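Student: I am new to this structure and should like to go through it by question and answer. May we begin once it is in view?

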Amino acid sequence: MALPLLPGFSVGRNLGKEKFHKSQHWGYCNNVAMLLAEDKPGIGGEPLPGQKLKPKSSVFPAELGCGAPAWIAFDKQVLSFDAYFEEEVPDKNQELYRIRHCKIYFYLEDDTIQVVEPQVKNSGIIQGTIVRRHRIPLPSPNEDQFYTIDHFNINTEVIFYARRYKIIDCDQFTKNFLRKMGFKLNPPGNCSDDPYTKERQKILDSMNPLRPYERIDTLKQFLEHDGHVLRFYCVWDDPESLFHDTRELVLHYYLSDDTIDIKEVIPVNSGRDVVPLFLRRDKLPKCAPTGLYQPGTITSRTVLNVFGNLVGNRGRYILDNRKTGAVHQEFYRDSDLKIGTVINVWGRQIMLCDCDEFTKDYYRTKYGIEDFTPVPYKAPPPPKAEKPVPPYTGFGSEEDSLCSCMSLLPKPPQKDFKKFMEKDRCGLESNTLRFLAKLVTDSPIDKDRKFIICYFLSDDTISVFEHIQRNTGIMGGKFLERSRIKKPGQELFKSEPSEYFKAQDLFIGARVCFHGHNFLLVDADEYTINYMEKHANEFAVADTGFIFKKLKDIAEPRSREIRQVFAAADPQHTKVIEYDPFRNLIVSITDGAFSEHEIMTLGRHYREKEEYEMDHYFLLAKAQEQLKKNSFENFEQLSTVLVYNDREKCGVLPYETCRTICKSFKLPLSDDLLQTILTMFEDDHKQVEYKKFVDAVNWRENQIPAFQTIKLPSKDEDDWNGQPPFLPVKRIKYLPLLDDLFGKEE
């Protein structure tokens, strides 16, 4: 039986196989026996007999540097060596070998090497990188090791892939680094001369060209003036044109290469074809005095006939290196272009009439030219023919009849939609001015009739209502349908549009005539007065500055007399007077030059605050109630935005700025209430103290416990008849008025 022999045979064979594996660095990978690595150590990491381990770290001493890895400590540090190698040329008799210079770069971070050969003109050899960057192994028999810094020095040789390089020198950084590493540098070596290159240079030096090469370098001009273009506006009087009309041109001079192109400005409906360019971009030659040069006159070479016609019909021609008799053509330069100059563009006389601002600055800087007076070349435009409008025919409205004259297909008149959207009713903003009026008549029946005139700002229409009075025999109600009303005294059938009543024509004390009925405006509601004061730039009767200046011009010569008159009106020295005496004094001072509305505006400005107006707690409590019902609690964000808009950090902001910010936060307060509260916190300069405003409306921290009652003045039956109550001016502070007019009295 052979079974007992199998185990012994197997064991002996396995032991021999294990020794074979250890000596030849074999192992198992995925249960397959293969050669793993020649530098694989034995058991325990000990090297096997005859095995040479490759160095795992750099050859630099461990104590050098800061202990950082080599790829960090020596990043971007490269040693540069100058070297050359000899290359055999077996197929040429002129040269047996060739000397090729190169650069050897040793990268300290990973001991990689790169060999680069600089470009040599007309060498015929593909040059550049000879050996790409990588670790280069040493020549045999040490091919398992790589080149390190120890193998480099001046005047030594290295072998890269069987090619021998002679190192002759290195740069200063390399010398300093090698000295710090403790290397003793050899003296620089000498490079052998290439016999073929030396012989070739002698031939080149002995050559005398027939004509020296001309080199014109335009790179500097291109780099300095690329994108810089001079622009001139020109005119060309075309003599061959049918009507001898002038043609407008635009000339562009490119400073980068002294080229010119011309574009034509073709008017609309001129009958000419639209072409891209009148003259394509190129250098524009100056034509000869006798005309243009014939083809072949201007050439880059000049030829001499040596024998002429002496030897039959055969001649001997050589190149003339001095260009005897050559024709030099001149081109237009920037110095030739000026306003008023006539240039010859291939036989067309073109006059330069004007230029742009960049061109003026260029000539002002380079040539010192200051006179850029343009040459007039455009005929003045013909006057626009007036379109006579036929007079109004009486059919329809004037606007409708005028639109029928504007086009063949009549269109309805256009309305001011933007104004309608801005001035239409929006919430509590009615944009309607209401006045109380009465008829100007001698009839005792009509004297007591009261009318309410409503002016709608959205479309400038007016409606009139009459108050119903008992036992008068007059029905009352709608007196005039809502429509635009023409001013009286205008001709009916005329070409000019009629004038209509505007908002500026209605104010307290004004007399208006609506279709033959004369009205006197005697009062207005509070909304109308506030609206006119808010838009004082549109309503002069509500402009305090304009009224004050007008009063000052009248009253300044009589300052002492006016002071005595006001003092006499206040015998108790209370510093305030009633509105009626104040009105009478202003009328006597101005001699009736002020309207009732102007006097009222002046009185409202210097009025004494009534008791019901000073109840600020009621308004603040009302505002807090609305904020609380709408759950508004963004007081910190509101305060932050107000502080951010306060650039000067003075604690105050303009009224309009505060109102806009509150609107952006969608503060749930009516516009009237918000404006009133903001006015409560204004200082002497009409600036809102926003910190006090935010603290006052903050119902979380400063809640007002209960409302306080308002004392409203008694209302008569005749006041506004169901309209919003009018808050009259009762008492006037006249001392501030006198101080503003004449200054404080000493």
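Student: Is H597 buried or exposed?

Tutor: This is a predicted model, and the relative accessible area of H597 in it is 0%. The cut-off for a buried residue is under 20%. H597 is therefore buried.

Student: In which helix is H597 found, and which residues does H597 touch?

Tutor: The helix is α13, which covers residues 596–605. Residues up to four places away in sequence are not counted among the contacts of H597. With those set aside, H597 of helix α13 touches F507, I508, M532 and V541.

Student: Where is R607 placed, and does R607 count as buried or exposed?

Tutor: R607 lies in the loop between α13 and α14. Its relative accessibility is 18%, and the cut-off for buried is under 20%. R607 therefore counts as buried.

Student: How many Å separate the backbone oxygen of R604 from a polar atom of the side chain of R607?

Tutor: The pair joins a backbone atom of R604 to a side-chain atom of R607. A polar contact requires N or O atoms within 3.5 Å. The distance here is 3.4 Å.

Student: Why do the buried residues of α15 line one face of the helix?

Tutor: The buried residues of α15, which spans residues 635–645, are F635, L638 and L642. Seen down the helix axis, these buried residues fall within a limited arc, so they line one face of α15. In general, an α-helix has 3.6 residues a turn, so residues three or four places apart point the same way. The arc that holds the buried residues of α15 is 60°.

Student: Which residues are exposed on the other side of α15, and what covers its buried residues?

Tutor: On the other side of α15, the exposed residues are E636, T640 and Y644. The cover over the buried residues of α15 includes α14 (616–629), β24 (652–654), α16 (655–664) and α18 (690–697).

Student: Which residues make the nonpolar surface patch of about 320 Å², and how does V306 count?

Tutor: The patch is made by L304, V306, F307 and I318. V306 is placed in the loop between β13 (303–305) and β14 (317–319). Because its relative accessibility is 47%, V306 counts as partly exposed.

Student: How many helices and strands are there in the protein chain, and what percentage of its residues is buried?

Tutor: The protein chain has 19 helices and 26 strands. Of its 746 residues, the buried share is 31%.

How values were computed:
Residues numbered from 1 in each chain as written. Predicted model: local features only at pLDDT ≥ 70, side-chain atom pairs only at ≥ 80, totals over all residues. Heavy atoms only, no water. Buried < 20%, exposed > 50% of the residue type's maximum accessible area, 1.4 Å probe, protein only. Helix = DSSP H or I, 4+ residues; strand = E, 2+ residues; numbered from the N terminus. Arc of directions from axis to C-beta. Contact = heavy atoms within 4.5 Å. Patch = residues over 30% accessible without salt bridge, like charges linked within 9 Å, V, L, I, M, F, W, Y side chains within 5 Å. Areas by Shrake-Rupley, 256 points an atom, 1.4 Å probe, with all protein chains shown as cover. Salt bridge = Lys/Arg side-chain N within 4 Å of Asp/Glu carboxyl O. Polar contact = N/O pair within 3.5 Å; in protein donor to acceptor, adjacent residues only side chain to side chain.
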